[in-house]
Amino acid sequence: MRMPRLRLTHPWLAALPALALLLGAPAAPRAAGLVYVLNSGDATIQVLDAETRAEVRRIPVLREVHHLALTPDGGTLMVGDSGANEMLMINPATGELIRREALSNPYHLGFSPDGRFLVITSLRRDQVDIYRWDGAALTLAKRLGMPDMPSHLAYSPDNRVVYVTLQGSGTVAAISLETLEPLWTVPVGPEPAGIIWHRDRLLVGIMGSDHVAVLDPATQAVERTVSVGRGAHALFPSPDGSTIYVTSRVDSRITLLDPASLEVVRSLKVPGGPDCISIDPQGRLWVTLRWQGRIGVLDVETGKLETQRVGRSPHGILYAAAASAAPEAAGNTAAGSAAPATPAATASPAPAPAVAPVTAPAKAPGTAPGAAPAAAPPPAPAVAAPPAAGAPAAPAR
């Protein structure tokens with residue numbers, strides 16, 4: 001006797017083949033990495049999936065974040081909340097907040113090439129703090145009064161000197177890492193900001209004007225200037241050493257310099273006040289657009305710029321490549337836990353028009369206003385650290 005054929009009429013029965021396919025499929029590949037955006041006007045750290053550019057996490061801070069640095073082993077991301085006198089320690093592979101430490105007004109920060117020192121500039125308090133780093137903890141070695149408005153910093157390759165721009169006095173100061181005392185101070189131009197060491201010279205972005213100053217630290221003389229656009233701010237060498245990128249916030253452009261001659265190779269118009277840059281493995285520039293509350297992803301070869309909205313007054317930015325076997329975030333157990341991961345709320349941005357080349361940088365000086373800080377979220381517990389002085393008096397640049 002022939003048995004009747006069964007028909008898959010129930011919806012869950014009909015879905016069995018698809019379910020079996022799904023269970024047998026390999027796991028989806030990890031994202032290319034994470035991008036950290038410091039929203040100084042919103043008091044948040046925004047964590048984006050580098051592949052989809054969707055928001056995967058948002059970490060509330062107390063007041064105003066500006067700059068960040070990876071520890072020498074790459075295992076911890078340090079973010080300075082200058083307005084709250086606090087340093088946040090984050091796992092760069094997962095976006096987990098590990099802990100928070102009380103620390104006096106961390107504005108700009110960077111590790112020495114040998115990883116023994118972390119120097120922090122305090123733009124509001126006119127001080128430079130030199131910390132020793134043992135791979136796990138910071139110890140304050142020296143606090144120097146450095147008027148006026150210590151801003152960015154750079155190291156000599158031999159680890160002997162750190163150089164700091166002083167915005168308020170239009171100078172660069174050299175500090176010995178052997179004696180922990182100032183060596184000299186020289187004028188370079190109005191409102192110096194970004195500074196890098198390059199082939200026995202210091203390159204300094206002169207934010208109150210339109211150029212990069214080339215300073216010889218041996219003679220303490222400015223040898224020449226390179227016009228790049230008003231509000232010349234920060235400099236970023238490409239990983240392969242083929243280009244130096246310079247942002248100009250007032251003229252809203254990014255200038256490409258030849259590293260050998262320091263001549264302008266190309267100038268690209270990037271609307272919105274380009275500020276900080278992080279470069280991904282494909283060579284694209286991830287740029288904070290300070291005045292628009294956006295970030296941009298710029299393909300330098302094609303000139304294609306894609307932007308998307310982030311928080312107010314985005315400043316520091318970091319592309320953190322995914323580790324090959326990085327663990328998934330499994331919740332936060334340390335003091336000062338981060339906010340829960342936020343569902344992806346931002347779709348991939350639509351392409352913007354191609355970036356227009358600019359041939360002649362404008363010469364007139366100028367400046368652009370910053371965004372006002374947002375109201376602070378409730379405070380989180382902090383771990384004991386060097387004591388912090390009173391509240392800051394003015395917004396950082």
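Me: Before I look at strand β5 and its partner, what makes two strands count as a pair?
Reply: DSSP has to find at least two bridges between them. In this predicted model, β5 (residues 77-81) and β6 are antiparallel and joined by five bridges. Within that pairing, V79 sits opposite L88 of β6.

Me: Which strand pairs with β6 on from there, and which residue in β7 is opposite I90?
Reply: That's β7 (residues 97-102), also antiparallel to β6, with five bridges. I90 faces L97 in β7. The β6-β7 hairpin has six residues between its strands, and G95 in the turn takes a positive phi of about 85°. In the β5-β6 hairpin, four residues separate the strands, and N85 has a positive phi near 55°.

Me: How do I read the two faces of β6: buried or exposed?
Reply: Start with the general idea: side chains in a regular strand alternate between the two faces of the sheet. Here E86, L88 and I90 are buried on one side, and M87 and M89 are buried on the other. Five of the five residues of β6 are buried, so the rest of the structure largely encloses this strand.

Me: And aromatic pairs, how many are there?
Reply: You describe a ring pair by the distance of the centres and the angle of the planes. This structure has four. One of them is Y163 with W184, tilted, at 5.9 Å centre to centre and 45° between the planes. Y163 is in β13 and W184 in β15, so the pair ties together parts 21 residues apart in sequence. Y163 is buried at 6% relative accessible area, and W184 is buried at 16%.

Me: Which residues cluster through ring pairs?
Reply: Y163, W184 and W197 are linked that way.

Methods
Residues numbered from 1 in each chain as written. Predicted model: local features only at pLDDT ≥ 70, side-chain atom pairs only at ≥ 80, totals over all residues. Heavy atoms only, no water. Buried < 20%, exposed > 50% of the residue type's maximum accessible area, 1.4 Å probe, protein only. Phe/Tyr/Trp six-rings, centres within 6.5 Å; stacked < 30°, edge-to-face > 60°.
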